[in-house]
Amino acid sequence: MNDRPILSATSDSATFKQYYYLKSELTEFCRNCGLQTTGSKKDLTERIAKYLDTGKIMTTKYSRKAASMQIITLDTEIERDIVCSEKHRAFFKAQIGDKFSFIVPFQKWLKSNAGKTYRDAVAAYREISKNKKNETTVIDSQFEYNTYIRDFFNDNKEKNLKDAVECWNYKKGLPGRNRYEKSDLAALYKNK
């Protein structure tokens with residue numbers, strides 16, 4: 001009916017890109033074909049598509065710079081290419097409280113505000129947290145499941161998570177985009 005093709009070295013990239021695969025499935029494919037297994041789901045998808053098109057193994061070098069500073073204070077400047085490390089988490093928890101977490105808008109703020117101080121960062125976090133309650137969060141494109149579930153519940157407030165997951169499992173077996181559509185509710189009635 002809507003069986004998703006098994007990903008193999010003989011798959012073509014156009015078909016591969018039409019279906020949803022878990023990151024673990026992509027990693028396993030890469031491992032089995034001798035491809036690099038590191039990076040985001042988007043990185044793995046691009047690497048696999050190139051391999052399926054050309055047979056060539058694409059590699060990417062990842063480097064994480066060790067933070068050069070030893071102690072973070074409120075007056076310390078935010079470094080370029082900041083990595084949200086445990087040292088940073090401990091600092092922000094001490095300043096903001098145990099409920100602190102590296103929410104995506106704050107991570108983006110940190111990465112785009114090198115040279116400002118950590119005092120500015122603490123103030124920005126509080127402002128972002130306050131505004132977050134009144135805004136719909138933009139979910140990055142690689143988090144298709146999260147986007148689907150949010151959109152499902154925006155349209156079906158009376159449904160439960162089991163219903164949402166059942167529709168998601170149906171949707172990811174279909175070619176094309178994995179955005180929620182009202183027609184996905186057919187998955188809830190197909191076995192009844």
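Start your tour by selecting Arg80: at 69% relative accessibility, this residue counts as exposed. Keep in mind as you click around that what you have open is a predicted model. Arg80 belongs to the loop between H3 and H4. Now add Ala114 to the selection and draw a distance between the two C-alpha atoms. Arg80 and Ala114 are 34 residues apart along the chain, and their C-alpha atoms are separated by 5.1 Å.

Step one residue along to Asp81, which also sits in the loop between H3 and H4. Is Asp81 buried or exposed? Exposed, because its relative accessible area is 59%, and the cut-off for that label is over 50%. Check the backbone here too: Asp81 has a positive phi of about 55° although it is not a glycine. For context, most residues other than glycine have a negative phi.

**Zoom out**

Switch to a cartoon view of the whole chain. You should find nine helices and zero strands, so to a reader following the sequence the pattern is α-α-α-α-α-α-α-α-α. Colour by accessibility and you'll see the buried residues, which make up 34% of the 192 residues in the chain. If you switch on contacts between residues at least 6 apart in sequence, 44% of them join residues at least 24 apart.

**The start of the chain**

Go to Ile6, in the segment before helix H1 (13-18). Ile6 is exposed, with a relative accessible area of 75%. Which residues does Ile6 touch, leaving aside its neighbours within four places in sequence? Ser11 and Tyr21 are the ones in contact with Ile6. You can also pick Phe16, 10 residues from Ile6 along the chain: the C-alpha atoms of the two are separated by 9.0 Å.

**Helix H2 and its two sides**

Select residues 23-33, which is helix H2, and show side chains. Leu26, Thr27, Phe29, Cys30 and Cys33 are buried here. They cover an arc of only 160° around the axis, which puts them on the same side of H2. The spacing is easier to follow if you recall that an α-helix has 3.6 residues a turn, so residues three or four places apart point the same way.

What do the buried residues of H2 pack against? They pack against H1 and helix H3 (41-54). Rotate to the face of H2 turned away from the buried side, and you'll meet the exposed residues Arg31 and Asn32. Just after H2, click Gly34, which takes a positive phi of about 75°.

**H2 against H3**

Keep H2 on screen and add H3. The two helices pack at an angle of about 45°, with their axes 10 Å apart, and H2 and H3 are therefore oblique to each other. Their crossing is left-handed. To light up the contact, select Lys23, Leu26, Thr27, Phe29, Cys30 and Cys33 of H2 together with Lys41, Leu44, Thr45, Ile48, Tyr51 and Leu52 of H3. Coloured by class, the residues of this contact divide into eight nonpolar, two polar and two charged.

**H4 against H6**

Next, select residues 86-96 for helix H4 and 118-132 for helix H6. They pack at an angle of about 65°, with their axes 11 Å apart. H4 and H6 are therefore roughly perpendicular to each other, and H4 passes H6 in a right-handed crossing. On the H4 side the contact uses His88, Phe91, Phe92, Gln95 and Ile96, while H6 brings Tyr118, Ala121, Val122, Tyr125 and Arg126. By class, the contact of H4 with H6 has seven nonpolar, two polar and one charged.

**Last stop: H7 and H8**

Finish with helix H7 (residues 144-155) and helix H8 (residues 161-172). What is the angle between H7 and H8 as they pack? About 125°, with the axes 10 Å apart; H7 and H8 are therefore oblique to each other. Their crossing is right-handed.

For the contact, show Glu144, Tyr145, Tyr148, Ile149, Phe152 and Phe153 in H7. Opposite them, in H8, pick Leu161, Asp163, Ala164, Val165, Cys167, Trp168 and Lys171. Sorted by class, this contact of H7 with H8 has 10 nonpolar, no polar and three charged residues.

Definitions and conventions
Residues numbered from 1 in each chain as written. Predicted model: local features only at pLDDT ≥ 70, side-chain atom pairs only at ≥ 80, totals over all residues. Heavy atoms only, no water. Helix = DSSP H or I, 4+ residues; strand = E, 2+ residues; numbered from the N terminus. Buried < 20%, exposed > 50% of the residue type's maximum accessible area, 1.4 Å probe, protein only. Contact = heavy atoms within 4.5 Å. Axes fitted to C-alpha atoms, helices over the stretch in contact; angles between N-to-C directions. Parallel < 35°, antiparallel > 145°, perpendicular 65-115°, else oblique. Left-handed = near helix turned anticlockwise from the far one by under 90°. Nonpolar A, V, L, I, M, F, W, Y, C, P; charged D, E, K, R; others polar. Arc of directions from axis to C-beta.
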